[in-house]
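Colleague: Please take a close look at the main nonpolar core and the aromatic rings in it. I would also like to see how the surrounding elements pack.

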Amino acid sequence: MSAVVELPTREYPIFAMPRAAALDVLTTSLYPGAKPESAALVLSYCQAAGLDPMDKPVHIVPMQVSTGRKGPDGWDIKEMRDVVMPGIALYRTKAARTGQYAGCDDPVFGPDVQDTLDGVAITYPQWCRVTVHRLVGGHKVSFTATEFWTENYATKSNKSAAPNAMWKKRPYGQLAKCAEAQALRKGFPDAVGGAPTADEMEGKSFDFDLGHDGEVKPVVTMPQRKSEQDTSASAPQGTAETPAPGQREAAPKAPATTAPAGCINAGQVKYLEAKFKSLDLKPDAIAATLARHGAAALDTTITVAQFDAIKSELLAL
């Protein structure tokens, strides 16, 4: 029998309380309305990571999860589960704890885009850029990340391309958090790790891939999420012509966000591309899937109705 490894934890008062009392504190104050089992996940997460739950470093995010099990009809069984995820504040805290965090510039936004997504009119920034600074060998080094709104926003349901309530209310603030999280991952990979934040994953889903050995392996599905990449080559960096933080500036080259009336936009095309890739479908299988729903190509000629039908089929795989 293998020995149990005791993880070193800091001595925070809440861990000295009776477990029932600690859960009561979390479910009535910091996470009002949370289920006891979800609050227990928070306690376990914080204890393992040496964090104080009273600082609320993590969030409880309800997410649609594919369980890896099949129903009688052969389709995946999906269910809503509470997932504990770090918040942007925890990223900042971990960066600060390195003793090398040298601050973060105000976000810079691209031009406004006026769009209608599934009947919802919204104005959002085409992109957002955030730069964080780290002291490396006594020198301040900058790490910049640029994120596009259409590749990050969360939809209100898996059957709609309309933004959820938070992304509709705070299109700038939410995108700024995503860009800052990406910049912190680039600048402090040893401190913050690679897990996405709750701000990035709210409204999205986890899929689970059942491996050949029967093990259920999680695969994060972030429909509008920009792929992890170095943006230094694709996005303009700071120059003498760069405006002050918070000001608008010319946009870097980016996918078009407009689409013919009644058809999907570039963000929804990217969603389908990402989903096909996550399912490892070959070109012939992709073409067959599109053809089943009357779509000729994977582009903005796909209608909203066709998109919904294709999306439903892919989510069921």
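Modeller: The account below begins with the chain as a whole, goes on to the core and its rings, and ends with helices and loops.

This is a predicted model, in which local features need pLDDT of at least 70 and side-chain atom pairs count only at pLDDT 80 or more, while totals for chains, interfaces and linings use all residues. Residues are numbered from 1 along each chain as its sequence is written, and side-chain values use heavy atoms, with hydrogens and water left out.

The protein chain has eleven helices and ten strands (DSSP runs numbered from the N terminus, H or I of at least four residues for helices and E of at least two for strands). Of its 317 residues, 44% are buried (under 20% relative accessible area; exposed is over 50% and partly exposed in between, with a 1.4 Å probe and protein chains only). Contacts (heavy atoms within 4.5 Å) reach far along the chain: among those between residues at least 6 apart in sequence, 61% join residues at least 24 apart.

The largest nonpolar core (buried Ala, Val, Leu, Ile, Met, Phe, Trp, Tyr and Cys residues joined through side-chain atoms within 4.5 Å) has 40 residues, and Trp149 and Leu272 touch the most other members. Helix H6 (residues 171–187) gives this core its largest share, seven residues. A separate second core holds 17 residues, including Leu30, Val42, Val58 and Val84. In soluble globular proteins, nonpolar side chains tend to be buried together.

Trp149 is the residue to look at in detail. Leaving aside residues up to four places away in sequence, Trp149 touches Leu117, Ile122, Tyr124, Pro125, Gln126, Pro163, Trp167, Pro171 and Leu175. Two of these neighbours, Tyr124 and Trp167, also belong with Trp149 and Tyr153 to a cluster linked by ring pairs.

The structure has seven aromatic pairs (rings of Phe, Tyr and Trp, the last by its six-membered ring, with centres within 6.5 Å; stacked if the planes are under 30 degrees apart, edge-to-face if over 60, tilted for the rest). One of them joins Tyr12 and Phe15, with 6.4 Å between centres and 50 degrees between planes, so the pair is tilted. Tyr12 is buried at 17% relative accessible area, whereas Phe15, at 23%, is partly exposed. Trp149 and Tyr153 form a stacked pair, because their ring centres are 4.5 Å apart and their planes at 5 degrees. Both residues of that stacked pair, Trp149 and Tyr153, are buried.

Two further tyrosines have a lysine charge over the ring (NZ of Lys or CZ of Arg within 6 Å of the ring centre and within 35 degrees of the ring normal). Lys311 lies over the face of Tyr271, 4.9 Å from the ring centre. Lys311 is also among the buried residues of H11, together with Gln306, Phe307, Ile310, Glu313, Leu314, Leu315 and Ala316. These buried residues pack against strand E2 (76–86), helix H9 (266–278) and helix H10 (283–292).

The other charge is that of Lys56, whose end sits over the ring of Tyr31 at 5.0 Å from its centre. Lys56 is in the loop between helix H3 (36–49) and strand E1 (58–70), and its phi is near 50 degrees, a positive value in a residue other than glycine. Asp118 also has a positive phi near 50 degrees, in the loop between strand E5 (112–117) and strand E6 (120–125). Lys56 is partly exposed at 32% relative accessibility, and Asp118 is partly exposed at 31%. Most residues other than glycine have a negative phi.

Helix H4 (residues 88–97) has Ile88, Leu90, Tyr91 and Ala95 as its buried residues. They lie on the same side of H4, because they cover an arc of only 160 degrees around the axis (taken from the directions from the helix axis to the C-beta atoms). Tyr91 is buried at 1% relative accessible area. Its contacts beyond four places in sequence include Ala181, Leu184, Arg185 and Val192. Tyr91 and Val192 are 101 residues apart in sequence but 5.6 Å apart in space, C-alpha to C-alpha. Just after H4, Gly99 has a positive phi of about 75 degrees.
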